[in-house]
Amino acid sequence: MSYTLHHPKWHRDSKPIFWWILRWAYIRFIFRELTSVAIAYFAVLLVLIYRAVQSGPEAYAALMGSLAHPVMITISLFALGAVLYHSITWFNLSPKAMVVRLGRFRVPDLMIAGGNYAAWFVISGIIAWAYVTG
Amino acid sequence: MPNITLEVQRYLPEYGEEPMFQEYEVPLREDWVVLDALNHIKDHIDGTLSYRWSCRMGVCGSCGMMINGTPVLSCAAFLTSYAPGPIRIEPMAHFPVVRDLVVDVTDFVDKLKAVKPWVIRETEKPLAEGEFRQTPEELDDFKQFSMCINCMLCYSACPVYGLEKEFTGPAALALAQRYNKDNRDEGNDERMQHLSNDEGIWACTMVGECSEVCPKHVDPAGAIQQYKLAGAADWWKSLITRKGT
């Protein structure tokens, strides 16, 4: 940084480690960042399920058995809530990043977010349908 | 008339290393903003108090400070909003303090200059060809971002800038985007090369407080997210072009 030489005694505040508890908006931000851990949890779970399927019915049944434990169910429900919060806040932010114009018409924010939600529901529906019928 | 207490942070480098708070009692007038109260202190109570101000009408962006922990323009903060007080007044966060409420803004000015906030043309259009024409829709694309008054409140609200001084910061990025979206400008690639990195657009973690505190509703957070989308599209394009060759 190229500061002038005329003020050698500036006061510089250092950011405290718990800076994020000073404002509600910062707490909400940190909480949202932490929900990424839940996304990582489901990603790892997906890899484990894939490996178990590849290893055969016994490995798959063992994994399903361990996931049925009340502690794992509680963790998964908690993670599901965190992932839903992360996804909803993500889709709500999407109009901020996307400015869509159709000729002279600017697509309203609600339609952009709505489109994201629609895609989310359709893709989730297809996966659920494939799982149920497969 | 009732009074209200102002707790003002004083930093007098010639007397001590650490800042301290000094209390002043000022009249709680309905038509006074915090800046009026500071002017009252300066004129009638303590002439040594230092702070910046100029227009008194939310245009110059000089009188930003932390009022009860939130970065605001002191000319737009009515005393009655904080009654019964006390009101805690500190210099803008994340900037080095020169004296009392005066901060050094050189870092912001350097960063602003680096994003080239002006219309860049590859070749200048001769005057004989007339003016650049712009439709209301084209103007609408960047008008919001052009409202920035460089008050730097967004830098004080941004924890990323507080933690990583290399971050270009909200206002400079919003102003870069203001010119990127201007159809007269041809400097998008030049700015992208400078800003599509860990110190530029990708350092923003979208806390969103920059937009909350902006007195002109510029929405720097929105500008940066749009910039990120353009940056990602550019990256994909370059990847495809490289593979195609």
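This report describes chain A as a whole and then the two domains of chain B.

The model is predicted, so that local features need pLDDT of at least 70 and side-chain atom pairs count only at pLDDT 80 or more, whereas totals for chains, interfaces and linings use all residues. Residues are numbered from 1 along each chain as its sequence is written, and chains are lettered from A and ligands numbered from 1 in the order in which they are written.

Chain A holds 4 helices and 2 strands, where helices (H or I, at least four residues) and strands (E, at least two) are DSSP runs numbered from the N terminus. Read from the N terminus, the order of these elements is α-α-α-β-β-α. With a radius of gyration of 23 Å, well over the 14 Å that the globule rule gives for 134 residues, chain A is more spread out than a compact globule; the radius is taken over C-alpha atoms, and the rule is 2.2 Å times the number of residues to the power 0.38. Along the principal axes, the C-alpha atoms of chain A fill a box of roughly 75 × 45 × 25 Å.

Chain B has two domains, with bounds from an automatic or database domain assignment, and their centres, taken over C-alpha atoms, are 31 Å apart. Contact here means that C-beta atoms, placed from the backbone, lie within 7 Å.

| Domain of chain B | Range | Residues in the contact |
|---|---|---|
| domain 1 | 3-103 | 14 residues |
| domain 2 | 106-244 | 12 residues |

On the side of domain 1 of chain B that touches domain 2 of chain B, strand E3 (64-67) and strand E4 (70-73) of chain B each supply at least two residues, and E4(B) gives the most, with 4 residues.

How values were computed: Two residues are in contact if their C-beta atoms, placed from the backbone, lie within 7 Å.
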